[in-house]
Structure formats: C-alpha cells, structure tokens
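Let's take a walk through this protein together, starting with its cysteines and moving on to its rings and its hidden spaces. Keep the viewer open as you read.

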Amino acid sequence: MIFIFDLDGTITRQETLPLIAEAFDKSAEIEELTRTTINGNIPFIESFIHRLGILRDCDVQSVSDLLADVPYHDALVAFIKANASQCAVATGNLDVWVDQMVAPLGCAVFTSKADVADGKVKKVATILQKEEVVRHYQAQGEQVVFVGDGNNDAEAMRIADISIACGLVHDPAPSVVSVCDFAVYSEAALLRLLGAMLIERPSKHGHSLVLSCAGVGSRLGLNSTKALINFRDRPLIQWQIESFGEINDIRVVVGYQASQVIRAVRAIRDDVIFAYNHDYFSTGTGRSLYLGARYGAEYITAWDGDLLVHKGDMARCLRGDREYLGVSDVVTDDGVYAHLDAREEQVKSFSRDEASAFEWSGPACFKASHINENAGHVFEAILDQLPMPALKIRAFDIDTHNDYQHAQSQFSEFFGE
C-alpha cells in the first residue's frame, strides 16, 4: 500500500502560496485566486500559471528559505517518516520552492518543475498532474491511498483505490468531497485511519462504532435525514455522539445532507472519521455499515442514526468485545421481527410479517470479518450468520411519524434529560 499526500493544507498547517504572496507584498492578487482554485471555480493549471506570473519575480532562494519554516502537522510528519518507503508527496508547487521544505520528510516527492535564471523562475518546465502519480504506483501493483483537500486533488482521488478528504486546515473542496471514501477534520482521526490501513488484520484492542446516517428518511416525511431530527432543540445525532462516551474510534456514514450531519457531529467531537455512501439513494444500511467498517477494529458496533437506546442499557451495548443482536419489545410501526429460540438467548430468524414478541432495530456488534458488502439492509446481510446471541434492551428506531411522536414522549426517559 502506498500513501500519497497533498502538501499544502494537508501536511502543512497553512497554504504556502498565500504565505509567499504576503512575504513579497502580493497578497491582494493571490488571495482570491487561491480561494477560487481550492473551491474548483478555476481550473488548476490556468490558476497555477496565473499565480506563477504574479510571483515570477520573487527570489527563488528567498522563497525556499521562507517555506522551509512552514509549520507541519507534526504527528502526520512522524507517520510519513516512520513509513517513508510507503509514502509520497504530490504537490503542484515548484521544485525550486519546496525542495528544501520537503527534504526532512524522507519520502518520494513529486512536484512541478521550473527553470531558473538569475535567481528567478524563468519558465515552468512541467506542471504536475497528481493523477499520474497515482497511475505510476498502480502500474507497479500498489494499492494507492490519496489524501488531499483541493480541487487539483480531485482527479487523483477519483482514481485512487482509497481517497481521504482532509479538512485539517479548511473544508475540503466540493469536487474532493464528491469522490472521497473518507473525510477527516482532525489530525487524530487521520492518523487513526492511516494506522489502521497499515495493518493487514483488524486490531484486537478496542472496537469501532459505525453510525449509519446516510439515508433520506423519506417515510418519516420531515424532509430531513433522521439523524438531524431535533429533540430539545438539538439534532438526534448530537445526543447519540455524547452517549457514546469514551469510544475512541467513531465512524459516521454520511450521504444525504452530509455537510449538515458533519457540522452537527463536529460541534460535539472533531475526531470522528466520516465515511461516504455516495449511493445512499439506492442502497441501504448494509452498504453503509460495510463502508464505515472498513479498516476498523476487530469488533464493529453497528448503530443507526434514527436509533434510541435507553441510557440504562448503553454500557452493555458498547462493550464491543462480543457479537450480539439487540432486541427489544415491539414498539415501532414498521419494524423487523426477531424470532428467538426457546430460551430467548439466540436470534434464529427475522421477518417482516410473522409476528414476534421482539423486534430488531439495532444496535448490533459483529466481528469485522463477518461484515460483507451488501446493498440492502443489515438484517438481510447477516441472515447466513444466524443464530446469533440476543441482547435484550430498551430501544426503538424512528421510521414513521407515529414512531417520531413516540420518540418525543420517551426521550427524557431514554436520554436522562
């Protein structure tokens, strides 16, 4: 596996071109160009040539010395140094500007190249196309992970095997979000994900929680993904995130209204990993669980964005060290019935139309190795794993307006507010 990193705003704590512009009194001309380029409103090559024209008269050595002091994300740099043979940097910046800056990283570096005369950039010899770096490693049989944030990363991320949108300095460009597999907004989340990708088998320590919030929630009729339904003037997902306590590895699967869900989560915790289900309209929770569980721990706790679990049962649900299916009394309008064995210890089967004393609306815990790619619902994806241990809890999900009214009436009891 090869990890390719964008430089500006991904490895560095700030964008370099605005820094150069400020140092050489070119800020007014560069600032708007940089912003519109990151957002994808101007093609990168066109913008790059324009910006270079503005900065052409800057002394090359002075620029190199300036950038040598640009602050890095230190933990990310430590990861790159420790795994230098598996890491590379791809930047559209000129080699003569960044060679001194990137030398301490100790990994392969791909840049645009310039010809220099009399200490100034005479002309640009080549402009790096980052997707060619991806193809270079894929042609060698490598699985490529690309980490980037700007519009000029989008094509490389589209063809990479795994792509991570990086929001450490600013929000990733829309073009990047449209193709990414994961998005992270803290160095801790990025390092946790990268570290998991380095190992062949899931860690036997701790567990990952996958919160699926990608769906449209059309049956509820509130024109909102169900994770954003308000309870006490706060979206449900914020109550859920707080209830997960000290769980280290939380993954939220997003699709419909993704940006709103991400904002709501980040208001509570910034170290969450976001997994994208871009096909949210035509796939179900089974697909979302699979996408969120990739590169997770040995045990995966599955949770839905419309799920309420009683505060008294949370600790048993979140142990994360054994497989179970959470079952509750039948309370929802359109639930999935769970049929248990005679001792009510194992779930034997599910059905939609054969009545039972119990229903399954989640949560559940699975070994990661038992989670397979599936476009339908989670209960459909695990039929071949039954019977599985049943965990009796007080819980229900919100599918219909009646469910929503029931949730409102039970909310204080369940969340203790």
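Find Cys213 first: with a relative accessibility of just 2%, Cys213 counts as buried. This is a predicted model, by the way. Does Cys213 have a partner to bond with, or is it too far away? The closest cysteine sulfur belongs to Cys180, and at 16 Å from the sulfur of Cys213 that's too far for a bond. A disulfide needs two cysteine sulfurs within 2.5 Å. Across the structure, the number of disulfides is 0. While you're looking at cysteines, check out Cys58 too: Cys58 has 3% relative accessibility, so it counts as buried.

Now for the rings. The count of aromatic pairs comes to 13. Take Tyr185 and Phe274, for instance: their ring centres are 5.9 Å apart, and with 80° between the planes the pair is edge-to-face. What's fun here is where the two come from. Tyr185 sits in the loop between strand S7 (182–184) and helix H10 (187–198), while Phe274 belongs to strand S12 (residues 273–276), so the pair links distant parts of the chain, 89 residues apart. Are these two buried or exposed? Both Tyr185 and Phe274 are buried.

Next, look at Phe350 and Phe379. Why is this pair called edge-to-face? Their planes meet at 75°, with the ring centres 5.9 Å apart, and planes over 60 degrees apart earn that label. Again, distant parts of the chain are linked: Phe350 is in strand S17 (residues 346–351) and Phe379 is in helix H15, 29 residues apart. Phe350 has a relative accessible area of 11%, which makes it buried. Phe379 is buried as well, with a relative accessible area of 11%.

Rings can also gather in groups. Phe231, Trp239, Tyr404, Phe411 and Phe415 are joined by ring pairs into a cluster. Trp239 has another neighbour to spot: Arg234 lies over the face of its ring, 4.5 Å from the ring centre.

Finally, let's look for empty space. There are 3 cavities of 30 Å³ or more. The second largest cavity has a volume of about 70 Å³. Which helices each supply at least two residues of its lining? They are helix H13 (285–293) and helix H15 (378–381). Among the residues lining this second largest cavity are Gly286, Leu289, Phe366, His370, Val378 and Ala381. Sorted by class, the lining has 6 nonpolar residues, 4 polar ones and no charged ones.

Methods: Residues numbered from 1 in each chain as written. Predicted model: local features only at pLDDT ≥ 70, side-chain atom pairs only at ≥ 80, totals over all residues. Heavy atoms only, no water. 1 Å grid on protein atoms, 1.4 Å probe; cavity = no way out; pocket = protein on both sides within 12 Å on 5 of 7 lines; lining within 4 Å. Points joined across faces, edges and corners; volume = space filled by probe spheres on them. Helix = DSSP H or I, 4+ residues; strand = E, 2+ residues; numbered from the N terminus. Nonpolar A, V, L, I, M, F, W, Y, C, P; charged D, E, K, R; others polar. Buried < 20%, exposed > 50% of the residue type's maximum accessible area, 1.4 Å probe, protein only. Phe/Tyr/Trp six-rings, centres within 6.5 Å; stacked < 30°, edge-to-face > 60°. Lys NZ or Arg CZ within 6 Å of the ring centre and 35° of its normal.
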